[in-house]
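Please have the sequence and the model open side by side. The text below is meant to be read against both.

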Amino acid sequence: MSESGHSQPGLYGIERRRRWKEPGSSGPQNLSGPGGRERDYIAPWERERRSKQPPPTTAPAAPPAPAPLEKPIVLMKPREEGKGPVAGTGAATPEGTAPPPPTAPAPPKGEKEGQRPTQPVYQIQNRGMGTAAPTAMDPVVGQAKLLPPERMKHSIKLVDDQMNWCDSAIEYLLDQTDVLVVGVLGLQGTGKSMVMSLLSANTPEEDQRAYVFRAQSAEMKERGGNQTSGIDFFITQERIVFLDTQPILSPSILDHLINNDRKLPPEYNLPHTYVEMQSLQIAAFLFTVCHVVIVVQDWFTDLSLYRFLQTAEMVKPSTPSPSHESSSSAGSDEGTEYYPHLVFLQNKARREDFCPRKLRQMHLMIDQLMAHSHLRYKGTLSMLQCNIFPGLPPDFLDSEVNLFLVPFMDSEAESENPPRAGPGSSPLFSLLPGYRGHPSFQSLVSKLRSQVMSMARPQLSHTILTEKNWFHYAARIWDGVRKSSALAEYSRLLA
């Protein structure tokens, strides 16, 4: 130090003197105060550390305004099995939140997805349902939408008049197994088409020209011809298949063959042999592909009809039954082959046919005629359980078969001019309808429909068949029936 008490200029240098002033101070600081030198001295390593620090900043500036929100990208892509939803890119972030970090590239196949998508993704699946997955973490697997099946308005051909198979019926069939197949057999003019129309889609009040199965017209009755040829097909909304057939052993078909000089197939020599073989082919086909076969007759009874049913059962194709059920009408070997339910429908029944004594005789005769048959002709339908004969006990019939009586259809006469009591009776009784002896036609048809549709539906083959599978199965059975060696041998015996 100098004599005046100030430090010498060369002792610490000019740099040291410049540091005596702090930033923002007005003049040199007093170094004579206590601890002044120790406070102002800065070590070289501290000076070096301070030089590396960034200069102090002023008050933080306001954050920049966020970019305007963009519309989210909507991806319309069908969902694929085993793959998650597809994430979009370049989405806008919600307002007031920090922008997300950049996403990593998509991982290769076989690796799990790394980060969740930063953009809202709306996926519209199109596997029949059109459902959308709201988020990537909650995917919705689409399922096939059950559209209402197409409604049939009239019957179509399953087998044409040349006995050829038709494929148009498969358009109305679905891939579901809950199906009931009902067929009909009967002689000419017994009312088969009318009965099948009333059981399927029509009511007695409707015009017969609007029936799904065309009934025999007045002109056709006068000519003695048959209305139905081949096999007609109709399926209801309840998935019940009805098969209407041409008359068996039809004289009009035989007359048509003889008078029009139609050429017979080479395996048949006589026209009547060809007509009978056509009838047997149709009956054997129905016994194989139907759950219920209705035999319609308009008078009781024709013994040739029962002989024909037993012959058709004999030449029926052998089909292994999937179940080993036992029935009261079959022998011990029933489990080896499939047999349908057989229902005898007495159409155009008279009032005396509903008499309990006559009813018992009819049941007993059918049971004796079908005693050796394996067809399920008893135990599945009962008139006594329909409350048609309320005064009869359930055990009135010793051997009750599947027999049902239906009177004449005369709905207009019943509704407009019902039978009334005679003029000699009291005024009160003259207002009441006369004794009819049986329930109304509408009531009996309704009870018959309920009993037929509630019958058991056994498997027709060793596997459960859907509607479309049944169609292909029936096509194979029809082809096998036409080429059957048993039917060929039987036709040679007839010749």
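What follows goes from the whole chain to its core, its aromatic residues, one helix and a few unusual backbone sites.

The model is predicted. Its chain has 495 residues, of which 38% are buried, and the secondary structure comes to 14 helices and 10 strands. Among contacts between residues at least 6 apart in sequence, 68% join residues at least 24 apart.

The interior is a good place to begin. In soluble globular proteins, nonpolar side chains tend to be buried together. In this chain the largest nonpolar core has 102 residues. Helix α7 gives the most to this core, with 11 residues. The residues with the most contacts inside the core are Phe233, Leu243, Leu342, Phe344, Phe404 and Trp470.

Phe233 and Leu243 can be taken together, since Leu243 in β7 is the bridge partner of Phe233. Phe233 belongs to strand β6, residues 231-235, and five of the five residues in this strand are buried. Ile231, Phe233 and Ile235 point one way from β6, while Asp232 and Phe234 point the other way, and all are buried. β6 has a pairing partner in β4 (residues 156-159), antiparallel and over three bridges, where Ile156 stands opposite Phe233. β6 also pairs with β7 (residues 240-245), again in the antiparallel sense, over five bridges.

The hairpin of β6 and β7 has four residues between the strands, and one site in it is Arg239, which takes a positive phi near 60°. Most residues other than glycine have a negative phi, and most peptide bonds are trans. Arg239 has its positive phi although it is not a glycine. Arg239 is buried, because its relative accessible area is 8% and the cut-off for buried is under 20%.

Phe404, another of the core residues with the most contacts, lies in strand β10, residues 403-407. Its relative accessibility is 0%, so Phe404 counts as buried. Leaving aside neighbours within four places in sequence, Phe404 is in contact with residues including Phe344, Leu345, Leu381, Met383, Ile388, Leu444 and Leu448. The C-alpha atoms of Phe404 and Leu359 are separated by 9.9 Å, with their positions 45 residues apart along the chain.

Next come the aromatic residues. How many aromatic pairs are there? The count comes to six. In one pair, the rings of Phe285 and Trp478 have their centres 5.4 Å apart and their planes at 85°, so the pair is edge-to-face. This pair links distant parts of the chain, with Phe285 in helix α7 and Trp478 in helix α13 (residues 467-482), 193 residues apart. Phe285 counts as buried, at 0% relative accessibility, and Trp478 is buried too, with a relative accessible area of 3%.

Ring pairs link Phe285 and Trp478 with Trp165 and Phe471 into a cluster. Trp165 is found in the loop between β4 and β5. Not counting residues up to four places away in sequence, Trp165 touches Leu158, Val159, Phe285, Phe471, Ala474, Ala475 and Trp478. Trp165 and Arg476 are 311 residues apart in sequence, yet their C-alpha atoms are 10.0 Å apart in space.

Two rings have a charged side chain over the face. Arg360 lies over Phe396, at 4.1 Å from the ring centre, and Lys316 lies over Tyr339, at 5.1 Å from the ring centre.

Helix α8, residues 303-314, gives a check on geometry. At 1.5 Å a residue its 12 residues should span 16 Å, and its end C-alpha atoms are 17 Å apart, which agrees. Which residues of α8 are buried? They are Leu305, Tyr306, Phe308, Leu309, Thr311, Ala312 and Glu313. What covers these residues includes strands β5 (180-186), β8 (292-297) and β9 (341-349), along with helices α7 (271-289), α9 (356-369) and α14 (485-494).

Two further backbone sites complete the walk. The peptide bond from Phe300 to Thr301 is cis, with omega near -5°, and Thr301 is placed in the loop between β8 and α8. Asn387 has a positive phi of about 65° although it is not a glycine, and its place is in the loop between α9 and β10. Asn387 counts as exposed, because its relative accessibility is 57% and the cut-off for exposed is over 50%. Arg239, with its positive phi of about 60°, is buried.

Conventions:
Residues are numbered from 1 along each chain as its sequence is written. This is a predicted model: local features need pLDDT of at least 70, side-chain atom pairs count only at pLDDT 80 or more; totals for chains, interfaces and linings use all residues. Side-chain values use heavy atoms; hydrogens and water are left out. Helices (H or I, at least four residues) and strands (E, at least two) are DSSP runs, numbered from the N terminus. The expected span of a helix is 1.5 Å times one less than its number of residues. Buried means under 20% relative accessible area, exposed over 50%, partly exposed in between (1.4 Å probe, protein chains only). Contact means heavy atoms within 4.5 Å. Rings of Phe, Tyr and Trp (its six-membered ring) pair if their centres lie within 6.5 Å; planes under 30 degrees apart count as stacked, over 60 as edge-to-face and the rest as tilted. A charge sits over a ring if NZ of Lys or CZ of Arg is within 6 Å of the ring centre and within 35 degrees of the ring normal. Two strands pair if DSSP finds at least two bridges between them. A nonpolar core is a set of buried Ala, Val, Leu, Ile, Met, Phe, Trp, Tyr and Cys residues joined through side-chain atoms within 4.5 Å.
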